Amino acid sequence: MGRIIGIDLGTTNSCVAIVETSGGGKIEARVLPNSEGSRTTPSVVAVSKNGERLVGQSARRQAVTNPKNTVAASKRLIGRKFADPQVREAATRVAYTIVAAPNGDAWVQVGDRALSPAEISAQVLMKMRETAEAVLGEEVTEAIVTVPAYFDDAQRQATKDAGKIAGLDVKRIINEPTAAALAYGLDREGSERVVVYDLGGGTFDVTVLEITSGVFHVKATSGDTNLGGEDFDDRLVRQLAAEYEGAQGSGGIDLRKDPMALQRLREAAERAKHELSSCLETEVNLPFIGLGKSGEPLHLVRSVTRAEFEQLTADLVERTLGPCRDALAQAHLAPADVQNVVLVGGMTRMPAVQRAVKSFFGREPHRGVNPDEVVAIGAALQGAALGGGDEFTALLLDVTPLSLGVETGGGVFTALIPRNTTVPCEKTEIFTTSVDNQPFVPIHILQGERPMAVDNRSLGRFELTGLPPAPRGVPMIQVTFKIDENGVVAVDARDLGTGRVQAIRVKPASGLTSEEVEVRVAEAENNRKADEERRAYAELRSQAESLLHTTEQALEGYAELVSASDLERARAAATKLRVTLEATTAAAPLRAAYQELEAVNFALADALYGGIGT
């Protein structure tokens, strides 16, 4: 087994880490910098105007000029249906187009293709993989990937599919707060109750744990998969857009309906949010944001104070306290019973968030971990524990965030595995028939907390068929529900009368089929090769242009020092390389022309310097 990397696949930014053993035998987790030197990478994917795939900072840089083909915050769409109200709301905030897939999933239109959120996430995971391979100098094929604790089965399965498309064997999917707790509690001794308050770019989770001598026991988890930094940004975007629309001379223009203006406005709002965490006032300055009635350029210049921003987002901060109360109630604890509150996620840098946490729990939150990197570090530590080495061991006892059950008579949801049950776990129930000689038993698997089946998330339906004729109520069908360590559900069914067994893998109602995943895996590998070839060609072209420039300079300066035949041969080779540069995009003829001119240059250098020192 090779080294297992840890990946925090975030809504706004992603991060990758690895665990190494120092010379003294001490375990150290290291966050790996990307090709731009940054320790986090924007979770942004784009297709440029010339068809090139861009991921990370390069994609984010061109977002203003290419907003329709630049996808950010796609994690909010993963595993969701197009008809989901949260998807409809998200569509009003972004410049790209969200479309309905044939199976009803929410997909994204990028160029002439509709891509699933899993494919978008796969591009980010591939960037993380390439970052690790570049730093470590070896192939990476295994990873631990984190997800919000409140992700359901379909969202977890879609994340696993994304890893597979990226060429990664996802050894384990772990919850983000649990990963953060693992990083926090690595060197701590004794026993303590800890709350991880994780407010990231797109999701909010709160998890209550007990940490005792390397055992991390999750007691309860709660959260909101539609609450995060994107919502804070959107409040300021809406405020500024409304003011601009109502301003005299603006022509009543709604900037949110202009993709380029919306992208500029969103980036400015995000910058202002960041700056207001460390200063009391900042300025949003967007020149040439629109045109007036007479065609004159209009600008948006506006000072924003911290107090104003906090007032705009006060209800969002308050919303985070509901899941805190819920998680504590599920764990049968009061705020005073918690020894430490660990802040995770970039939004926890906001002073109003820190004050709210302090007021609710009655203590200063722990800020000794980097909120942007701690989740990736925890994932890497879990990878080290799974890697089989003796230098580090940790036992994670996580829980299922949502109840798992079935639909029973009258459309009622009957929970079989309650929320906050420690995973992996299983539950066995006996089912029977409701009519005489019934040849099958239908079972509808659901996940959620609502009393009626229709209000919960459908994970799938299946039928145990081939039952022998018998009066109703006589057949005994033993059905075992299992949740693995990744939080993914499976079902085994056994007819106790005949002994017939059928194992059913519950396929999520959302996500790609296994055949579609395999097609995307092949496409991703082909794209990776094409990207490598494109990069190699770009480097070769740059080298050729540089060689051509230095050669032409040398021929001007030293023409009288070499023979006419050597001079003519050098000029001919230089002309050939220039023509090739202009006429082709193929690597082979360009490399041949480059090598020819290089050889001629070596011969000229030998003629110039050959006699020195003899």
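**Getting to know a predicted model**

Modeller: Welcome! Let us start at N420, which is buried, with a relative accessible area of 12%; buried means under 20% relative accessible area, exposed over 50% and partly exposed in between, using a 1.4 Å probe and protein chains only. This is a predicted model, in which local features need pLDDT of at least 70 and side-chain atom pairs count only at pLDDT 80 or more, while totals for chains, interfaces and linings use all residues. Residues are numbered from 1 along each chain as its sequence is written, and side-chain values use heavy atoms, with hydrogens and water left out.

Biologist: Thanks! What value does phi of N420 have?

Modeller: Most residues other than glycine have a negative phi. N420 lies in the loop between strand 21 and strand 22; helices (H or I, at least four residues) and strands (E, at least two) are DSSP runs, numbered from the N terminus. Phi of N420 is positive, though N420 is not a glycine, and is near 65°.

Biologist: H332 has a positive phi too; is H332 buried or exposed?

Modeller: Phi of H332 is near 60°. The place of H332 is the loop between helix 10 (321-330) and strand 18 (340-344). With a relative accessible area of 71%, H332 is exposed.

Biologist: Let me step back: how many helices and strands are there in the protein?

Modeller: The protein has 614 residues, of which 51% count as buried. Along the principal axes, its C-alpha atoms fill a box of roughly 105 × 65 × 55 Å. The count is 15 helices and 28 strands.

Biologist: Which are the edge strands of the open sheet with the order 21-20-24-25?

Modeller: Four strands form this sheet, with antiparallel pairing; two strands pair if DSSP finds at least two bridges between them. Inside the order, strand 20 (residues 404-408) is joined to strand 24 (residues 441-447) by three bridges, and G405 stands opposite L446. An edge strand here pairs on one side only, and that describes strand 21 (412-417) and strand 25 (457-464).

Biologist: Which residue in the turn between strand 26 and strand 27 has a positive phi?

Modeller: Seven bridges join strand 26 (residues 477-483) to strand 27, and the two run antiparallel. K482 has A490 as its bridge partner. The two strands form a hairpin with five residues between them, and the one with a positive phi of about 80° is G487.

Biologist: How many bridges join strand 16 to strand 17?

Modeller: Strand 16 covers residues 281-291 and strand 17 covers residues 297-305, running antiparallel. G290 stands opposite L298, and in this hairpin G295 takes a positive phi near 85°. The number of bridges is eight.

Biologist: Which residues are joined by a cis peptide bond?

Modeller: Most peptide bonds are trans. In this one, omega is about 0°. One partner, P424, is in the loop between strand 22 (422-423) and strand 23 (425-431), and the bond joins V423 and P424.

Biologist: How many disulfides does the structure hold?

Modeller: A disulfide is a pair of cysteine sulfur atoms within 2.5 Å. C324 is buried, with a relative accessible area of 1%, and C425 is buried at 15%. The number of disulfides is zero.

Biologist: On to charges: which residue forms a salt bridge with E176?

Modeller: A salt bridge is a side-chain nitrogen of Lys or Arg within 4 Å of a carboxyl oxygen of Asp or Glu, and the whole structure has 37 of them. For E176, the closest N and O atoms of the pair are 2.7 Å apart. E176 lies in helix 5 and its partner in the loop between strand 7 (70-72) and helix 2 (85-91), so the pair ties together parts that are 101 residues apart in sequence. At 9% relative accessibility the partner counts as buried, and it is K75.

Biologist: How many residues of helix 5 are buried?

Modeller: Helix 5 spans residues 176-184 and is mostly covered. Among its buried residues are P177, L182 and Y184, and E176 counts as buried at 5% relative accessibility. The buried number is nine of nine.

Biologist: Last one: which residue forms a salt bridge with R266?

Modeller: The closest N and O atoms are 3.2 Å apart. R266 lies in helix 7 (residues 259-275) and its partner in helix 6 (residues 229-246), so the pair ties together parts that are 32 residues apart in sequence. R266 belongs to a network of salt bridges that also includes R76, E89 and R238. The partner of R266 is D234.
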